[in-house]
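Here are some notes for a colleague who is opening this entry without having seen it before. They can be read with the structure on screen.

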Amino acid sequence: MEQERLHYLLTKHAQGNSSVAEQAELDNWFHELSYDLSDLKHWMEANGGEYEVADRLYADFKNKYKPEPAKKIVRWIAIAAACAVLVSGVLFFVKKEKVQKTKAIAAYSVSTAKPKEVQAGKTGATLTLASGKKIYISDKTSGQLAEEAGVRISLTKDGRLQYTLSAAQVEANAMNMLETAKGEQIELVLPDNSLVFLNAASSIKYAANFADKKERKLEITGEAYFEVEKDKRRPFIVKAGKQSVQVLGTRFNIKSYADEPDIRTTLIEGSVKINAEGVKSGVILKPDQQAAFNGSAIMVAEVEAHSFVSWKEGKFLFVSEDMESIMRQVSRWYNVDVSVADHLKKIKLTGSVSRFANISTLLEKLEQTGQVDFKWSNGKLIATK
């Protein structure tokens, strides 16, 4: 997926119609590999086009980070377009020389107040079977986990929870629930082979014989990304709070946390229909559209959908996102309590960093913007200035 994304970014750049976020993402690839984006035209002429350049960049990227796990890679985005400064207010990106000069100061203000480093989240979840039995899943879990109600449940080597039929007849009313705590995430392959990626502090509830139902219904809380297996005979329906999303085969993301102001559904591919309690008519989304349901109305906006699912690819990607929203994400992923001063809540930032970096890496970069400082008090992370 990374290589395909890189080719897409290079093509958009060559056509001259990259969005602010897309150009920023491409700049970051070059910066991370210490290459100069101004050399891109020459590279394309010498190597034959976007595909060849994408292959070269990706190969160099893999070679550079081969000695270290990929999850240690930290990415920061430089916004090339001047309008981005007006949109986002401040940039995360700081040139290497400046990082070296400011890093010690930023690290001091954060780490000395809390000596123990806060680690990033990891693979983990709790599976509750129809019998009430609970199984905790971690990044060290592997193999078959359970066999119940005609279904065999196992964890694959790449960390996906997998369902396979183990009996001719699956119990009709058997329900399973998968929950992640703060600091956990997990991938799930449903009985119909649809893929679900569950973010931190989220849950999904579904029937064990999900694939045999006339309607493939499930419920979620929190945030989940879906890649739905096509089946025209059996619609796929996701209920989130007072909203439901109906699809046949598509890729989309739903964000439905209790502490968020609305439920956001972002469509990457295909089409979905959104219905909500108290709203007379449903809304059909097209790719790169996002619906926000605030409890009384559904508002649709054009977005760059990829930026809203970067979390499943191991990245925080903020595009003109306010500090209050950023810190809610920090709280869920690092499992820390946070507090944001009122005058900082609406400050907007743009940037990216690996979700697998320790919390100090993220906080140091945020402090380098000059817009915010952090301190720890009684175990709580406080954003102030």
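1. The model is predicted. A place to begin is Glu223, which is buried but forms no salt bridge. Lys255 is the nearest side chain of opposite charge, at 4.7 Å. A salt bridge would need a side-chain nitrogen of Lys or Arg within 4 Å of a carboxyl oxygen, so the pair at 4.7 Å does not count as one.

2. What does the side chain of Glu223 make a polar contact with? The partner is the side chain of Trp311, at 3.2 Å. Trp311 is also listed among the residues that Glu223 touches beyond four places in sequence. Others in that list include Phe197, Leu198, Asn253, Tyr257 and Phe308. Lys255 is in the list too, although Glu223 has no salt bridge.

3. Glu223 belongs to strand E11, residues 216–227. E11 runs antiparallel to E9, and four bridges join the two strands. One of the pairings links Leu195 to Glu227 of E11.

4. Strand E9 covers residues 195–198 and is buried on both faces. Leu195 and Phe197 lie on one side, with Val196 and Leu198 on the other. In a regular strand, side chains alternate between the two faces of the sheet. Two of these E9 residues, Phe197 and Leu198, are touched by Glu223.

5. E9 also pairs with strand E8 (residues 184–189), again in the antiparallel sense and over four bridges. Ile186 sits opposite Leu198 of E9. Five residues separate the strands of the E8 and E9 hairpin, and there Asn193 has a positive phi near 75°.

6. A second site to inspect is Leu344, in the loop between strands E21 (337–340) and E22 (348–354). Is this loop residue buried or exposed? Leu344 has a relative accessible area of 1%, and because the limit for buried is under 20%, Leu344 counts as buried. Beyond its neighbours within four places, Leu344 contacts Met323, Gln371, Val372, Ala383, Thr384 and Lys385. The C-alpha atoms of Leu344 and Asp322 are 8.5 Å apart, with the two positions 22 residues apart in sequence numbering.

7. For the chain as a whole, there are eight helices and 24 strands. Of its 385 residues, 51% count as buried. Among contacts with a separation of 6 or more, 52% come from residues 24 or more positions apart. The accessible surface is about 18,700 Å², and carbon and sulfur atoms account for 50% of that area.

Methods
Residues numbered from 1 in each chain as written. Predicted model: local features only at pLDDT ≥ 70, side-chain atom pairs only at ≥ 80, totals over all residues. Heavy atoms only, no water. Buried < 20%, exposed > 50% of the residue type's maximum accessible area, 1.4 Å probe, protein only. Contact = heavy atoms within 4.5 Å. Areas by Shrake-Rupley, 256 points an atom, 1.4 Å probe, with all protein chains shown as cover. Lys, Arg positive; Asp, Glu negative; His and termini not counted. Polar contact = N/O pair within 3.5 Å; in protein donor to acceptor, adjacent residues only side chain to side chain. Pairing = 2+ DSSP bridges.
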